[in-house]
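Visitor: Could you walk me through this protein, one question at a time?
Guide: Sure, let's take a look together.

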Amino acid sequence: MAIWGKLFGGVAGFAVGGPMGAVVGAALGHAADNGSILETPVGGWTDRWAPRVNADPNGAATFVAAKLASVMGKRDQLYGLVMVVLCAKVAKCDGPVNRAEIDAFKRRFQIPAENASDVGRLFDQARQRVDDFEAFATELGRAFHDKPEMLEEALAVLFVIARADLGHGETLHPAEIRFLRRVHQAFGLSAGAWDRAESGGARPDVSEIDAYAVLGVARNATDGEVRAAWRVLVREHHPDAMTARGADEAAVEAAAGRIARINAAWDRVKRDRKL
């Protein structure tokens, strides 16, 4: 069985288990390998499938594998698969993939010797086209929406690959910048995450991630919602307000500690969002 049979078998077989998993893996792998995964279904294609005009068996097979891993909750497989795909595509988006980019990929991912051949083929097949990368990035962003630090690390890796072939004083190609910007958007990351990934800085620390929890809002809350939540908390916990409500000295001291954490959280969010 070619690489797609192995890939689908690894995802479907692991999730389903037993002979059924092997059958699913073999069937999907065969469909991808012989191109029938793109055959017109009974009733024809609907408008939903209009963009398939440029589809290819390998690209379709890879995305189906990513979808399978996602819906089956196999996030480790999804992360590994999509990262190989995105690394290949960012390396290709500004021209032919070169040795420096391949070496950078190998340094970032310690691939076991027994899997190197299959991963290499996946990389080679993924770099054949770059116009489909956003679908993969969106799938990964959805699966890891609760782990933004993983997505930020992924974006940082893509920056490393893109810069691997730059000479002294050279800057990224406009096509690479567009690619990375769209991945950043598909991941749903903050402006601060872009800055850290671009500069090669560390991932956000726990206190930064927890800033939203301190303010009682979701990470995808609007700027206005975050600001409003901060103001409500300040009015509620400010020591002066506590004193006016007749709180004792211990309660006022505790409020001072809470207001310090609230303001620190707001400051972090402001820096992150460039407010």
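Visitor: Leaving aside neighbours within four places in sequence, which residues is Val157 in contact with?
Guide: First, a heads-up: this is a predicted model, where local features need pLDDT of at least 70, side-chain atom pairs count only at pLDDT 80 or more, and totals for chains, interfaces and linings use all residues. Residues are numbered from 1 along each chain as its sequence is written, and side-chain values use heavy atoms, with hydrogens and water left out. Contact means heavy atoms within 4.5 Å. With those sequence neighbours set aside, the partners of Val157 are Met83, Cys87, Arg108 and Phe109.

Visitor: Which helix is Val157 found in?
Guide: Helices here are DSSP runs (H or I, at least four residues), numbered from the N terminus. By that count, Val157 sits in α8.

Visitor: Is Val157 buried or exposed?
Guide: Buried means under 20% relative accessible area, exposed over 50%, and partly exposed in between (1.4 Å probe, protein chains only). Val157 has 6% relative accessibility, so Val157 counts as buried.

Visitor: What distance separates the C-alpha atoms of Val157 and Met83?
Guide: Along the chain, these two are 74 residues apart. In space, their C-alpha atoms are separated by 8.9 Å.

Visitor: How many disulfides does a search of the whole structure find?
Guide: A disulfide is a pair of cysteine sulfur atoms within 2.5 Å. Cys87 counts as buried because its relative accessibility is 0%, and Cys93, at 17%, counts as buried too. As for disulfides, the search of the whole structure comes back with zero.

Visitor: Which element gives the most to the largest nonpolar core?
Guide: A nonpolar core is a set of buried Ala, Val, Leu, Ile, Met, Phe, Trp, Tyr and Cys residues joined through side-chain atoms within 4.5 Å. The largest one has 46 residues, and Leu86 is among those with the most contacts inside it. Elements giving two or more residues include α4 (75-92), α8 (148-163) and α9 (174-187). The top giver, with twelve residues, is α4.

Visitor: And how many residues are in the second, separate core?
Guide: Its members include Leu215, Ala229, Val234 and Val269. The size of this second core is 15 residues.

Visitor: Within what arc do the buried residues of α13 fall?
Guide: The buried residues in α13 are Val226, Ala229, Trp230, Leu233, Val234 and His237. Picture looking down the helix axis: the arc is that of the directions from the axis to the C-beta atoms. The buried residues line one face of α13, because they fall within an arc of 135°.
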